[in-house]
Amino acid sequence: MTRVGVTARLIAGAVIAAGAGVVVAGGIAFDGMPQNVVPVSQKVAPVAADSVLTCAGPLLAIGRNATDASSITVAATQSQVSTGDGTKKSTLKAPDVDGDGGPLRLITSASGRNTPQAAAAASTTVKADDLGGFVASPCGPALMDSWLVAGWTTTGAADLITIANPGEVPATVDLTLYGKGGETQPAGGNDVVVAAGTERVIPLAGLGVGENAPVVRVTATGAPVRAMLQSSNSVALDVTGVDQTTALPSAAKRQVITGVHVTTEQQDNPLTVVRLLSPEDDTTAQVTVIGEHGSTGPGQEVDLTGGTPAELQLPLAVGSYAVVVSADTPVVAAVWQATGISGGDDFTWAEPAETLEAGGDGALVSVPKGPSPRLDLLVDGDKAAKVTATPVGGGDALSATATPGQVASLTLAEGTSYRIVTDRAVHASVAFVGDKQLATYPVSPPAAASAPVTVYR
């Protein structure tokens, strides 16, 4: 090879080596640079959803048709009171009921990103050979999962579960019964299809006969539903009350039940009973009763077997009370109270009241027609709370001070909606107490606004 050829090869090799060095050096340099590029993001508040409330609907009766013992008919219509700007009302179809027996649906349209506030409630009185008493219940949102803690399937009871679907797509509902045999999946409660804009009615006895303390879990897929239980009872040929009970949104380790009113001295028969269930695990629940002058005594312990309901009788003197249930595992609870067990008496199921937090715009509640309506309060914590109820349509505000460890109340006007504002966390219920008339339901906190969503671009 000539000297020129060797020199050319050496020069080429040097160039290649230098290039390789640049690549290696570049690789080292790139390794030292950040590899994760942070995308541009922005917090965006979702557009608020409409407020959709569904009422309990008219009182229903089963078995009035002599030729069809399973037929369901309307026993009494209800009167409603509501609030909410631009609320649109419509009636859901009820294919299981003879005649026009669907519940009322109220839709309050959202404005931009502001969550609309609305409230509604309904009431009625019925006097018939097979049904009698006063009922009042709030109109509320549909839920994917809820609990019915009320009713019986023993002799004299004629209880009905109503499942309303106020949405635009069908829902499939499963009913789980918790009774004396524990948790069961009755055939009558499996895959119940509730078409959009309709209500289904299912006799509670169809899930299990002979249950004196049933609890029903309502689980929906496809769309949320509004579940309620109409419970009634009779002794021999005497009707002894009727109630429409809303479903609890969830089990919790602490349940606070306000609006318990004892109107009659209890003698041989218990007139105040708390029903309890720990759905999953065995536990011991602590039941504490608080009156107008403080606790009525040390709490009582109730041993609960997971999946099996239990009841505790509360021999209370005439007065107003709150019942606090606490346990190490989530439980559901409700209090049954009655004016008596004779013909013409009445009863109601008092349910847990969620916490109303301090400040903000407060919570809306509607008070339908009924005897001596009142707002019953129990404060959380060890400091007094000032609670104000302002009529939505105008008028003088009402106020009460809730002292820690004591129940408090203020008198409300029937046929009126109120905005409830408190300076400390409280639990509240609306109660109606009259001559052989009882009804109560909890005040719900306002719907929470959707959390902001992070959008990347």
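These are my notebook entries on what I looked up in this structure, which is a predicted model.

**Entry 1: the disulfide**

I began with the cysteines, and the count of disulfides came to 1. The bond joins C55 to C139, with the two sulfur atoms 2.0 Å apart. I then looked up the geometry of the link between C55 and C139, and noted that it is right-handed, with 90° about the S-S bond. Next I wanted to know where the two cysteines sit along the chain: C55 is in the loop between β2 (51-54) and β3 (59-62), while C139 is in the loop between β9 (132-138) and β10, so that the pair links distant parts of the chain, 84 residues apart. Are these two cysteines buried or exposed? C55 has a relative accessible area of 2% and is buried, and C139, at 9%, is buried as well.

**Entry 2: salt bridges**

I asked how many salt bridges the structure holds. The number is 6, and I followed up three pairs, starting with D145 and R217, whose side chains meet with a distance of 2.8 Å from N to O. D145 lies in strand β10 (residues 145-149) and R217 in strand β16 (residues 215-221), and because of these positions the pair ties together parts that are 72 residues apart in sequence. When I checked accessibility, D145 turned out to be partly exposed, with a relative accessible area of 25%, and R217 counts as partly exposed too, at 24%.

The second pair I looked up was E311 and R275, whose side chains form a salt bridge of 2.8 Å, again taken from N to O. Here E311 belongs to strand β24 (residues 310-313) and R275 to strand β20 (residues 272-277), and the pair links distant parts of the chain, 36 residues apart. I noted the accessibility of each partner separately: E311 is partly exposed at 38%, whereas R275 is buried at 0%.

For the third pair I turned to R374 and D376, whose side chains meet in a salt bridge at 3.2 Å from N to O. Both of these residues, R374 and D376, are buried.

**Entry 3: the surroundings of T245**

I then chose a single residue, T245, and found it in strand β18 (residues 238-246). The relative accessible area of T245 is 1%, so I recorded this residue as buried, the limit being under 20%. Which residues does T245 touch, leaving aside those up to four places away in sequence? I listed L148, A150, M228, L229, W349 and E351 as the contacts of T245. Closer along the chain, I also noted a polar contact of 2.9 Å between the side chains of T245 and D243.

**Entry 4: strand β26 and its partner**

W349, one of the residues that T245 touches, led me to strand β26 (residues 347-350), where W349 shares one side with F347. I recalled that in a regular strand the side chains alternate between the two faces of the sheet. In β26 both faces are covered, since F347 and W349 on one side and T348 and A350 on the other are all buried. Looking for a neighbour, I found that strand β25 (residues 319-338) pairs with β26 in the antiparallel sense over 4 bridges. Within this pairing I looked up Q337, whose bridge partner in β26 is T348.

**Entry 5: an open sheet**

In what order do the strands of the open sheet of 4 strands stand? I read the order as β27-β32-β29-β30, with antiparallel pairing. The edges are held by β27 (363-367) and β30 (398-402), each of which has a single partner strand, so one side of each is left without a neighbour in the sheet. I also noted that neighbouring strands of this sheet are turned by 25° against each other on average, with direction ignored. For the edge strand β30, I looked at its pairing with strand β29 (residues 385-391), which is antiparallel and runs over 5 bridges. In that pairing, T388 has S399 of β30 as its bridge partner.

**Entry 6: a loop residue**

My last look-up was E168, which is placed in the loop between β11 (160-165) and β12 (171-179). With a relative accessibility of 80%, E168 counts as exposed. I then checked E168 against A223, and found that the two are 55 residues apart in sequence and 8.3 Å apart in space, from C-alpha to C-alpha.

Technical notes. Residues numbered from 1 in each chain as written. Predicted model: local features only at pLDDT ≥ 70, side-chain atom pairs only at ≥ 80, totals over all residues. Heavy atoms only, no water. Salt bridge = Lys/Arg side-chain N within 4 Å of Asp/Glu carboxyl O. Buried < 20%, exposed > 50% of the residue type's maximum accessible area, 1.4 Å probe, protein only. Polar contact = N/O pair within 3.5 Å; in protein donor to acceptor, adjacent residues only side chain to side chain. Contact = heavy atoms within 4.5 Å. Pairing = 2+ DSSP bridges. Axes fitted to C-alpha atoms, helices over the stretch in contact; angles between N-to-C directions. Disulfide = S-S within 2.5 Å.
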